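Dear colleague,

Please find below the structure that I am handing over to you. An account of what was found in it follows directly after.

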Amino acid sequence: MDAFHVRNTYAQLDMSGVKGDGYEEGVERTRARIGASRASQLCAEAALGDGTEKSKELDEQEIQTLANVDRYGFFNVPSHDRLILLPAAPLLKRLSRTTAGPPSASTSATSLDSLPPTPIPLKEASRIAKWNRMLEPEQRDEGANVQIWRVKPSKGLKLSERTYKGIPDRWRSAVWELLLRRFSRTGNAETTKLCQDYRNALDKPSSYDIQIDLDVPRTIGGHIMFRTRYGAGQRSLFHVLHCFSLRCSQCGYVQGMGPIAATLLCYFDPERVYASLVRLHDSYALHNIFSPGFPGLLEAIYVQERITEHLMPDVYAAFKKHMISTTSYATKWYITLFANSVPFQTQLRLWDAFLLEGQDLFIAVAVCIVWVYRDHITSANANFETVLSLLSSFFVPEDENAVLFWIEKTLGDKKLRSNMAKWRLDWRRLVAEGKDASALL
């Protein structure tokens with residue numbers, strides 16, 4: 001009955017809407033139900049929409065609220081603990097076998113008081129023009145609106161290079177869809193079927209409805225789309241996660257799905273988000289990440305540790321010395337695809353490359369972070385607390401382009417990619433033989 005109450009509440013508010021969507025907090029109706037007092041009931045009734053929410057002019061409060069968000073819809077307030085700088089200098093050197101830094105190296109990184117502003121990239125306009133020339137319509141709807149874009153045959157070799165340089169935000173929705181289709185080898189027929197599956201699943205019960213409802217209001221805090229309780233963003237997020245929880249009986253729902261779905265909702269409508277999640281689940285191996293026991297997570301960590309052991313042996317030895325398991329700091333990286341570990345703009349850049357490259361991308365990001373802080377980890381004064389605190393921080397790149405360039409060069413190393421594929425097979429063999437428990441730090 002509690003799960004039915006949750007679904008029923010979201011369904012009713014889909015019809016009525018709520019006032020102040022985006023700038024008012026809203027009234028809690030599921031976790032803490034409306035009280036029996038008349039004042040409580042009047043407050044709840046006053047929070048419902050009156051049918052004019054979408055058509056009336058913006059009032060002064062709404063205008064002021066919109067003036068205080070950045071280009072991605074976030075309020076300009078600090079929202080993370082332990083903000084540290086991810087310096088660009090270590091990224092000038094490509095990934096290669098290296099030894100420990102000076103024993104006297106600091107154990108702490110440069111801390112920041114708040115997230116820096118997110119200005120429009122300097123080359124945004126020129127990159128928009130380049131993408132305009134590179135893409136062409138592939139399919140239009142009945143109103144002649146472009147539904148699907150494709151890369152012009154003469155520009156095919158430019159796709160990877162320009163993706164790593166950053167997809168212009170106004171092109172991101174179209175290009176993400178393009179990359180998802182290319183990687184998953186699906187077309188419009190499959191997408192249409194998935195959108196229909198989404199609509200069919202809306203009214204079905206899910207055993208995860210209560211937990212999803214608990215997690216929705218604490219996902220992507222500070223974003224105007226998800227600020228109002230039961231606002232359009234929160235309702236869409238609940239519906240997407242509800243339907244996706246019914247897709248795979250093994251994965252069901254885990255908390256890490258929330259930030260992924262919320263980010264996609266910033267660029268797609270709910271039906272397309274559901275279709276995108278299914279393709280991530282099936283083709284990008286997120287099924288293995290979210291399955292019970294998180295086998296894909298452990299596989300990625302095993303590959304990360306092999307890279308560290310072979311190319312940063314002193315760092316690997318320091319992890320063993322201080323008894324720091326990779327799962328203790330890297331789990332949230334892989335589970336949320338770095339959604340809660342880097343600024344939103346950086347996350348988008350990483351997702352651009354992820355949709356192009358696949359699951360190896362985030363292993364390269366994890367290795368990149370360890371590479372940057374390798375001297376801190378191997379310092380003579382380092383210990384369990386300093387290393388774990390460092391790697392559990394929120395990372396603010398000094399230069400996003402340096403990060404993406406380093407990752408591009410790393411994944412462009414054919415020998416490394418071959419070794420990564422080999423280590424994945426080694427891990428699966430260890431699992432089959434029951435020897436995986438002792439194979440990780």
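The lining of the largest cavity consists of 9 nonpolar residues and 1 polar residue, with no charged residue among them. These residues are L86, V342, T346, L350, V365, C368, I369, F395, P397 and V403. Please note that the model is a predicted one. The volume of this cavity is about 50 Å³, and the structure has 5 cavities of 30 Å³ or more. Three elements, α16 (344-357), α17 (360-372) and β4 (394-397), each contribute at least two residues to the lining of the largest cavity. The largest share, 3 residues, is supplied by α17.

Aromatic rings

A pair of aromatic rings is described by two quantities, the distance of the centres and the angle of the planes. The structure contains 19 aromatic pairs. One of them joins W149 and W171 in an edge-to-face arrangement, with 4.9 Å from centre to centre and 85° between the planes. W149 belongs to strand β3 (residues 146-151) and W171 to helix α6 (residues 169-184), so this pair ties together parts that are 22 residues apart in sequence. W149 is partly exposed, at 24% relative accessibility, whereas W171 is buried, with a relative accessible area of 8%.

Another pair is formed by Y198 and Y274; their ring centres are 5.8 Å apart and their planes stand at 45°, so the pair counts as tilted. Since Y198 is part of helix α7 (residues 188-201) and Y274 is part of helix α11 (residues 270-283), the pair ties together parts that are 76 residues apart in sequence. Y198 and Y274 are both buried.

Ring pairs also link a cluster made up of F183, Y284, F319, Y329, W333, F338, F354, F362, Y373 and F395. F395 appears in the lining of the largest cavity as well.

Two arginines are placed over aromatic rings. R227 lies over the face of F75, 4.5 Å from the ring centre. The charged end of R374 is positioned over the ring of W371, at 4.0 Å from its centre.

Salt bridges

Side chains of opposite charge can pair when their charged atoms come close. The count for this structure is 29 salt bridges. In one of these, D209 pairs with R7, and the closest N and O atoms are 2.8 Å apart. D209 is found in helix α8 (residues 209-215) and R7 in helix α1 (residues 2-16), so the salt bridge ties together parts that are 202 residues apart in sequence. D209 counts as buried, at 0% relative accessibility. R7 has a relative accessibility of 19% and also counts as buried, because the cut-off for a buried residue is under 20% relative accessible area.

A further salt bridge brings together the side chains of R172 and D352, at 2.8 Å from N to O. This pair links distant parts of the chain, with R172 in helix α6 and D352 in helix α16, 180 residues apart. R172 is buried, its relative accessible area being 3%, and D352 is buried at 0% relative accessibility.

Helix α6 takes part in another such contact: the side chains of E177 and R272 meet in a salt bridge of 3.5 Å, N to O. E177 lies in helix α6 and R272 in helix α11, and the pair links distant parts of the chain, 95 residues apart. E177 and R272 are both buried.

In addition, E299, E357, D360, R417, R424 and R428 are connected in a network of salt bridges.

A residue in a loop

Finally, P153 is located in the loop between β3 and α5 (158-164). With a relative accessible area of 76%, P153 is exposed. From C-alpha to C-alpha, P153 and S96 are 35 Å apart in space, and they are 57 residues apart in sequence.

With kind regards

How values were computed:
Residues numbered from 1 in each chain as written. Predicted model: local features only at pLDDT ≥ 70, side-chain atom pairs only at ≥ 80, totals over all residues. Heavy atoms only, no water. 1 Å grid on protein atoms, 1.4 Å probe; cavity = no way out; pocket = protein on both sides within 12 Å on 5 of 7 lines; lining within 4 Å. Points joined across faces, edges and corners; volume = space filled by probe spheres on them. Helix = DSSP H or I, 4+ residues; strand = E, 2+ residues; numbered from the N terminus. Nonpolar A, V, L, I, M, F, W, Y, C, P; charged D, E, K, R; others polar. Phe/Tyr/Trp six-rings, centres within 6.5 Å; stacked < 30°, edge-to-face > 60°. Buried < 20%, exposed > 50% of the residue type's maximum accessible area, 1.4 Å probe, protein only. Lys NZ or Arg CZ within 6 Å of the ring centre and 35° of its normal. Salt bridge = Lys/Arg side-chain N within 4 Å of Asp/Glu carboxyl O.
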